[in-house]
Amino acid sequence: MIASCLIPLTVCFIAAVITTGTDRRTFDGIPAPIAAIIGVFSLIWFVAACAWPIKLGLVLVVLIWGKAYVQNIMLRLG
């Protein structure tokens, strides 16, 4: 169970590192979109494979982080 969750999460993190570390101005930038696509699919695989408490925790983390981020933006604008 844990391995089925850790494998796609690890692949997603590796894809994120490749996507952010690749220069997009040269032919070396070709792996960046491919890694981004692989990362999105592995993230979907991670959410589908993990147990419901992990999914609930992820939703709560996104809500809390999003609220803090939006409040930070609103304070800068206003």
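Student: What makes Ser42 count as buried or exposed?

Tutor: Its relative accessible area is 4%. Buried means under 20%, exposed over 50% and partly exposed in between (1.4 Å probe, protein chains only), so Ser42 is buried. Bear in mind that this is a predicted model, where local features need pLDDT of at least 70 and side-chain atom pairs count only at pLDDT 80 or more, while totals for chains, interfaces and linings use all residues. Residues are numbered from 1 along each chain as its sequence is written, and side-chain values use heavy atoms, with hydrogens and water left out.

Student: Which residues is Ser42 in contact with, leaving aside neighbours within four places in sequence?

Tutor: Pro8, Val11 and Cys12, where contact means heavy atoms within 4.5 Å. Ser42 itself sits in helix α2; helices here are DSSP runs (H or I, at least four residues; strands are E, at least two), numbered from the N terminus.

Student: And how do you know which class Leu6 falls in?

Tutor: Same recipe: Leu6 has 47% relative accessibility, so it counts as partly exposed. Leu6 belongs to helix α1, and its C-alpha is 9.0 Å from that of Cys50, though the two are 44 residues apart in sequence.

Student: How do α1 and α2 run relative to each other, and what makes you say that?

Tutor: Axes are lines fitted to C-alpha atoms, for helices over the stretch in contact, with angles from 0 to 180 degrees between N-to-C directions. The axes of α1 (residues 2-21) and α2 (residues 31-49) come within 8 Å and cross at roughly 155°. Under 35 degrees is roughly parallel, over 145 roughly antiparallel, 65 to 115 roughly perpendicular and the rest oblique. The pair is therefore roughly antiparallel.

Student: What is the make-up of the contact of α1 with α2?

Tutor: It has 17 nonpolar residues, 4 polar and no charged. Nonpolar covers Ala, Val, Leu, Ile, Met, Phe, Trp, Tyr, Cys and Pro; charged is Asp, Glu, Lys and Arg; the others, Gly among them, are polar.

Student: How confident is the predictor, going by the mean pLDDT of the chain?

Tutor: The mean is 84, and 87% of the residues reach 70 or more, on a per-residue confidence scale from 0 to 100. Among the elements, α3 (residues 52-77) has the lowest mean, 86, and α2 the highest, 89.

Student: How many helices and strands are there?

Tutor: 3 helices and 0 strands. Of the 78 residues, 17% count as buried.
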